[in-house]
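Colleague: I should be grateful for a close look at a single part of this model, with the reasoning set out at the bench biochemist's level.

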Amino acid sequence: MTIVVLVIAYAALWLLARPSGVASGSFVGQLLGAESVLLLSIGLVLISTLPWVEEWFDGIDRAAIWHRRVAITGLLLLGPHVLLASNRAGTTLGAPLGVIGLIGMVALAVWAILPRWRSIIPRRFHRVITLLRATPGVGLLRIVLGGYERWRALHRTTGLFLAAGFVHGLLDATPFPVCPVLRWSYVTIGATGLAFYIYRELVARHVGSLHDYQVATVAAISADLLEIVLRPIGRHMKFVPGQFAMVYLEAKDGWHRHPFTIASSPQEGVLRITVKALGDYTARLPDLVRPGMPAVIGGPHGRFNHTKGTSDQIWIAGGVGITPFLSWLRDLDQKPIMRRVDFFYTHSGSDAPFRSEIEAIAARHPTVHAHVLDTSTHGRLTVDQVLGITSASPRELSAFLCGPEGMVRTFQTGLRRAGVPDQQIHREYFDWR
């Protein structure tokens, strides 16, 4: 809501302070360009890793989701900005900077979207895209672009491209010479976003909380699931069950950084992370990581916490989405839960990872009822099945969800329709990582 208010207020300021003599089409185009700078600056604030940003958005994962939304919206505004805005008396430096900023940010956005092409392109075109990916030219391009690590390194240049676009607007916007309020509000917005960018790139790594660890064990839980246990070297990181951490691992091919949800209890004295082969890096982890290798842990982050729920709760996990719930369950022996919990864990195959441990924990805690379902034989879990098992009224329920995006969205929609208040439906956005 705060972001929407800022966007509307900035547009209102431009309209109220509009100087005479600027053509309507050009003025609208320049307004959209200024709004784009506002949204992209907000995006830099959201990924600054400052604690108050995480607190304001109820978790750094939610802040990252909003970062993506405002960045995409800001880039979309650049289309009509380019078509409408015009300044024949523009400076010789302004136009090239605008082109550099536009091309750079669009290229980074497209690069970020490419790995998620299946969720964006209609299914009927998937076969064609798959065939194109197998052609030599596209294969060479994929090698040049590299994987997640190369994209992340270049994605850090976003602020530089925004700076180019910001200076372009400062030099070439026609309302600025005759309207100081528009000029200085624009300067304030752009400078704020770039200040947060500089903080993240040059300062954050020196003031953040980092902890030295070492890989203790690497064990295959299933064909595509791996558990890595990290032992502290010195001070153990304090965390709340359900949080995640930035894990820096030194592997055979160098250092890697990736956010992982913590699966262990805070009382264990070690960190357990459960990894599913979802991307380039995670798929290669079994071959890259060995016991004894060093690790650095940053964090913790996240606000996925069952203690903010009502007295009747449902926990729903799908696949590797079991991870935050494992941390909650493993902590129950130290901190028993007084609320009634119906825990639903769906997995394809009869041999569900961690099934025996989950059932043993539930047997020790009478308020926790575990329901482990094999979707290959029983089909997908439905909202009606969940609500049919719990005895509480939907309005008295709190729901905690973690799993594949399609499953989570289906349950969010179904639970709302059934009467569960929106503020009582919580999810972990592990897919943003």
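Modeller: The account below starts with the whole chain and then follows one sheet strand by strand.

This is a predicted model, in which local features need pLDDT of at least 70 and side-chain atom pairs count only at pLDDT 80 or more, while totals for chains, interfaces and linings use all residues. Residues are numbered from 1 along each chain as its sequence is written, and side-chain values use heavy atoms, with hydrogens and water left out.

The chain contains 17 helices and 11 strands. Helices (H or I, at least four residues) and strands (E, at least two) are DSSP runs, numbered from the N terminus. Of its 433 residues, 48% count as buried, where buried means under 20% relative accessible area, exposed over 50%, and partly exposed in between (1.4 Å probe, protein chains only). Among contacts between residues at least 6 apart in sequence, 75% join residues at least 24 apart; contact means heavy atoms within 4.5 Å.

The part chosen is an open sheet of 5 strands in the order E9-E8-E7-E10-E11, with parallel pairing. Strand E9 (368-374) and E11 stand at the edges with a single partner strand each, so one side of each has no neighbour in the sheet. Neighbouring strands of this sheet are turned by 15° against each other on average, direction ignored. Axes are lines fitted to C-alpha atoms, for helices over the stretch in contact, and angles run from 0 to 180 degrees between N-to-C directions. Two strands are said to pair if DSSP finds at least two bridges between them.

From the E9 edge, E8 and E9 pair in the parallel sense over 7 bridges. Within this pairing, the bridge partner of His347 in E9 is Asp374. E8 (340-347) has 7 of its 8 residues buried, so it is largely enclosed by the rest of the structure. On its other side, E7 and E8 pair in the parallel sense, again over 7 bridges.

Strand E7 (residues 312-318) also has a link to E10, made by 6 bridges, and these two strands run parallel. Gln313 shows both pairings of E7: its bridge partner in E8 is Val341, and its bridge partner in E10 is Ser398. E7, H13 and E8 make a right-handed β-α-β unit. A crossover is right-handed if, with the strands pointing away from the viewer, the path from the first strand over the helix to the second runs clockwise. Helix H13 (residues 323-330) has 8 of its 8 residues buried, so it is largely enclosed by the rest of the structure. Trp328 and Arg330 are among the buried residues of H13.

Strand E10 (residues 397-402) is likewise largely enclosed by the rest of the structure, because 6 of its 6 residues are buried. Leu397, Ala399 and Leu401 point one way from E10, while Ser398, Phe400 and Cys402 point the other way, and all are buried. Towards the other edge, E10 is joined to strand E11 (residues 425-427) by 3 bridges, and the two run parallel. In E11, Ile425 is the bridge partner of Ala399, and His426 is that of Phe400. The chain crosses from E10 through helix H17 (residues 405-418) to E11, and this β-α-β crossover is right-handed.

The exit from E8 also merits attention. Helix H14 (355-364) follows E8 after a loop; H14 lies across E8 and E9 and runs at about 155° to E9. Two residues of that loop stand out for discussion. Pro353 is found there, between E8 and H14, and counts as buried at 4% relative accessibility. Pro353 touches Ile221, Ser222, Leu225, Tyr345 and His347, not counting residues up to four places away in sequence. The C-alpha atoms of Pro353 and Ser222 are separated by 6.8 Å, although the two residues are 131 apart along the chain.

Phe354 lies in the same loop between E8 and H14. At 11% relative accessibility, Phe354 counts as buried. Its phi is near 70°, a positive value in a residue other than glycine. Most residues other than glycine have a negative phi, and most peptide bonds are trans.
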